[in-house]
Every structure is written in C-alpha cells, then in structure tokens.
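Visitor: I would like a close look at a single part of this protein, taken slowly and with the terms explained. Could you please guide me through one group of paired strands and what surrounds it?

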Amino acid sequence: MEETRFNTRATNLEVPGTRKFSNQVKKYDDGVDLTLGQSGFDTPEYIREAMIEAINQNKLRYTHNRGLIELREAISQYNRKRFNVTYDAETEIIVTNGGSEAIDSVLRTILEDGDEVIIPCPTYLAYEPITKLQGAKTVLVDTTKTNFVLTKEALADAITPKTKAIIFNYPTNPTGMIPSLEQMKELVDVLKETDIFILTDEIYSDNVYDGEFHSFMEFSEVRNQLFVINGLSKSHAITGGRIGYILAPPLATEHVTKVHLYNSVCVATPSQYGAIAAFTDATGPVILSKMNEAYKERRDFVYKRLKEMGLSVELPKGAFYIFPDISEYNNDSFEFAAELLEAEHLAVVPGKTFSIYGEGHIRLSFACTMEELVDGCKRLERFLSTYRKRS
Ligand SMILES: Cc1ncc(COP(=O)(O)O)c(C=O)c1O
C-alpha cells in the first residue's frame with residue numbers, strides 16, 4: 001500500500017496527546033492516569049435502565065435522521081427552561097453521535113477551501129484538525145495573557161474578509177475558563193455586525209462550579225449565525241453512549257441534516273431512549289448536582305496542591321480540567337510529560353495538544369477518583385522537587 005494513495009489531509013492528522021499518554025501509562029501496574037476527559041462515576045442507573053428497556057422492547061430500528069421527536073422535544077424543553085430560548089423540535093434540532101459528530105457535521109456543512117476559522121487558544125484538540133480536513137485555515141488566537149478568555153480587541157484583529165466561522169468552547173477544555181456576561185456581550189457586539197458563523201461548544205455547560213454559566217443562545221441578535229453544540233457525554237457520565245446535539249436555525253439545520261444523515265443515518269436508538277430519560281427523569285438533577293459537588297471538591301483539592309508546589313495556575317470555573325504552567329521547569333510540554341511518565345508512572349496531557357498556545361502547560365483531569373488525585377499530586381510534587389529548574 002502506497003502512502004501517496006491516501007488523502008494528504010488525512011495522513012497529516014496526528015494522534016492527539018491525550019491518547020498517547022493514556023495508552024502508555026497502561027504498561028505500568030502502578031500507573032496513575034490523569035489524562036482522561038470522562039467522569040469516574042458510573043452512568044446514572046435511570047439512564048442505563050431506559051437503554052436496557054429499549055433493547056428489550058426491540059427498539060433497534062433506525063429513527064428519524066434528526067433523532068426521535070420525543071428526544072428533540074426534551075432537548076428543546078431543557079434549553080427553554082435553562083436559557084429561556086425556544087428551539088423548534090421539528091426544524092432546529094439534530095441529535096448527533098456525541099459532540100464530536102456535531103462539530104464535524106457543522107464544520108463540513110459550512111467550510112470551503114481557503115475559509116478561515118478563528119479559534120481562541122488553548123482549545124479543545126478536535127477543532128483544528130477537522131477545520132484543516134475541510135481545506136480551511138485556522139486562525140489561532142492567543143488567550144494566555146487574558147485569563148484564557150478571548151477579548152473583543154483580539155477578536156476584531158483576527159477577523160478578515162475570509163473569516164467564515166469562530167469556535168467558542170466555554171467552559172473551556174483544557175482551562176475550565178468561562179467569560180463574564182459582560183465579556184460575552186462585547187464579543188457578540190463585534191460578531192453581530194458580521195455574517196461569521198458562531199459555533200459554541202457548550203458540552204461542559206452542566207459542569208460549572210463557580211458563578212453562573214451563560215450561553216451565547218441568550219443573545220438573540222446572533223441567533224441567525226449560531227450553531228450550539230452540546231451533549232450528555234460529560235454531564236451525565238455517558239461518553240460511550242454517543243449522545244450529542246446541534247441547535248441551529250431551520251436553514252442551517254436542513255443542510256447539516258444532509259451531512260449528518262450520510263455519515264451517521266441516526267444515533268443508536270437505545271442511546272436515544274437513554275437520553276430521553278436523562279432529560280426527563282425527576283431524579284436526574286439531584287444525581288447531577290451530587291457529581292458536580294464531588295468534582296468541585298476535587299478541583300479545590302488539586303488547585304490547592306498545585307499552588308503548594310509553587311506552580312502558576314488558574315482556578316477552573318467549570319469542565320474537568322486544570323492547566324498549570326510548567327514552563328519554569330521545561331517549556332517543552334511533551335518532553336516534560338514523557339519524563340514525568342517515566343519517572344513517576346503518572347500520565348498527564350502535554351499542553352501543546354491544545355494548540356501551540358498551550359505549550360509550557362500540562363492538563364490534569366480531576367474527573368478521576370479522589371484517591372487517584374491524591375496519589376497523582378504526590379507523584380507530581382516528588383517529580384518537581386527533583387527537577388532542575390531552568391535558569
Ligand atoms: C470541548 C469538547 N467538545 C466535544 C467533545 C467530544 O464529546 P463527545 O464525547 O460527546 O463526542 C469533548 C471531549 O472531550 C470536549 O472536551
């Protein structure tokens with residue numbers, strides 16, 4: 001098989017840093033893995049029961065391409081209650097195979113060769129490769145000097161006549177940052193004067209520990225430019241269920257549906273029944289808030305420990321991750337993570353995985369158990385104490 005026979009945009013893709021280190025740590029019996037972006041909790045029982053019941057009732061046929069109408073109605077209700085917005089279940093919602101397929105289907109629907117996509121960085125690792133697969137160009141904007149939040153000035157500087165879209169992800173993976181309502185308004189004021197598509201990946205919107213989360217959906221002046229991406233993977237500890245969704249205006253939904261139906265047909269039917277339970281079961285919110293309490297406790301613990309180690313680090317407001325600066329020790333985050341793995345059998349994600357502007361940092365997940373966090377922090381502390389600081 002000749003290398004040249006493949007699509008070069010595909011062959012140029014790289015395996016993300018998250019996977020590399022989590023695969024390698026498995027070879028150590030005493031390894032600790034703080035790389036994973038998924039909950040250490042079991043998927044809530046009421047969701048599992050609903051999926052089992054669907055299978056037992058032989059609900060294993062294709063559904064509507066956009067998903068079961070009951071599920072789309074439940075999604076519409078949830079967003080109405082939470083953000084006071086109305087998205088029509090028939091014409092403005094698509095159920096997708098996780099947030100991942102939602103991102104891919106939207107970008108494939110809107111991007112053409114040479115288009116530019118603005119991405120505030122450091123950022124979730126999938127946006128850049130998917131944009132490039134479409135032949136579009138990424139315009140990465142450094143937010144490290146502005147508390148990991150995009151400012152209106154930086155946004156205005158990044159816009160060119162070729163800008164087709166911008167991708168927001170708040171709370172952000174890997175930093176956990178969330179802009180204030182005022183900061184969001186400033187960004188909206190710039191964007192509403194343009195026809196730039198706004199993708200807002202809000203997959204961690206139910207994992208917020210301090211303050212309030214506001215969605216770009218709350219700004220009706222950009223509704224006609226907006227694609228909302230969300231899903232249950234993180235909030236409901238069901239990454240393997242593959243349940244995501246897109247909210248978008250009717251014309252956009254019509255076009256994205258065509259891309260989605262050719263790549264997926266629909267989401268696995270038992271997963272869709274599980275998702276209906278997730279949105280409608282009365283015990284759901286209680287279970288979710290218990291999980292969030294535990295994440296908050298772990299976040300506070302790991303933040304305190306990193307500070308004790310003398311690392312510069314921001315307190316994440318949401319998501320599952322904390323992103324300390326390790327540049328005082330080594331500015332090459334891949335080298336640092338490899339040394340840490342070898343010396344202490346501790347796996348973390350090198351910051352460069354989240355774009356060049358993540359360099360000099362590492363990402364630790366606090367969605368694991370408290371025992372793993374305590375042990376992981378001990379190992380990191382020991383490693384740093386023997387590491388010769390760069391002059
Ligand atoms: C910001 C962000 N968006 C999307 C995804 C993908 O989610 P899913 O598992 O639902 O495809 C992730 C997973 O880590 C993520 O961090």
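Guide: Before we begin, one term is needed: two strands are said to pair if DSSP finds at least two bridges between them. Please keep in mind that what you see is a predicted model.

Let us start with strand S5, residues 163–168, which is mostly covered, since five of its six residues are buried. On one hand, S5 is joined by three bridges to S3, and these two strands run parallel; within this pairing, Ile-118 has Ile-166 of S5 as its bridge partner. On the other hand, four bridges join S5 to strand S6, residues 197–201, again in a parallel arrangement, and here Ile-167 stands opposite Leu-199 of S6. To get from S5 to S6 the chain passes through helix H8, residues 181–191, and the β-α-β crossover made in this way is right-handed.

Strand S3, which covers residues 116–121, also runs parallel to strand S4, residues 137–142, and six bridges join these two. One of the residues involved is Pro-120, whose bridge partner in S4 is Val-141. Between the two strands we can place helix H6, residues 127–133, because S3, H6 and S4 together make a β-α-β unit, which is right-handed when the path from the first strand over the helix to the second runs clockwise, with the strands pointing away from the viewer.

If we now return to Ile-166 and look at its surroundings, leaving aside residues up to four places away in sequence, we find that this residue touches Ile-118, Leu-150, Leu-155, Leu-191, Ile-196, Phe-197, Ile-198 and Leu-199. Ile-166 also belongs to the largest nonpolar core, a set of 58 residues, in which Ile-166, Phe-168 and Phe-216 are those with the most contacts inside the core. Helix H10, residues 269–280, gives the largest share of this core, namely six residues. Because domain 1 (3–43 + 285–384) and domain 2 (58–280) both give residues to this core, the core lies between them. Another core, of 42 residues, lies apart from it, and among its members are Phe-21, Ile-326, Ala-337 and Val-348.

To sum up the part you asked about, S5 is joined by bridges to S3 and to S6, while Ile-166 is one of the residues with the most contacts inside the largest nonpolar core.

Methods. Residues numbered from 1 in each chain as written. Predicted model: local features only at pLDDT ≥ 70, side-chain atom pairs only at ≥ 80, totals over all residues. Heavy atoms only, no water. Core = buried A, V, L, I, M, F, W, Y, C linked by side-chain atoms within 4.5 Å. Buried < 20%, exposed > 50% of the residue type's maximum accessible area, 1.4 Å probe, protein only. Domains from an automatic or database assignment. Contact = heavy atoms within 4.5 Å.
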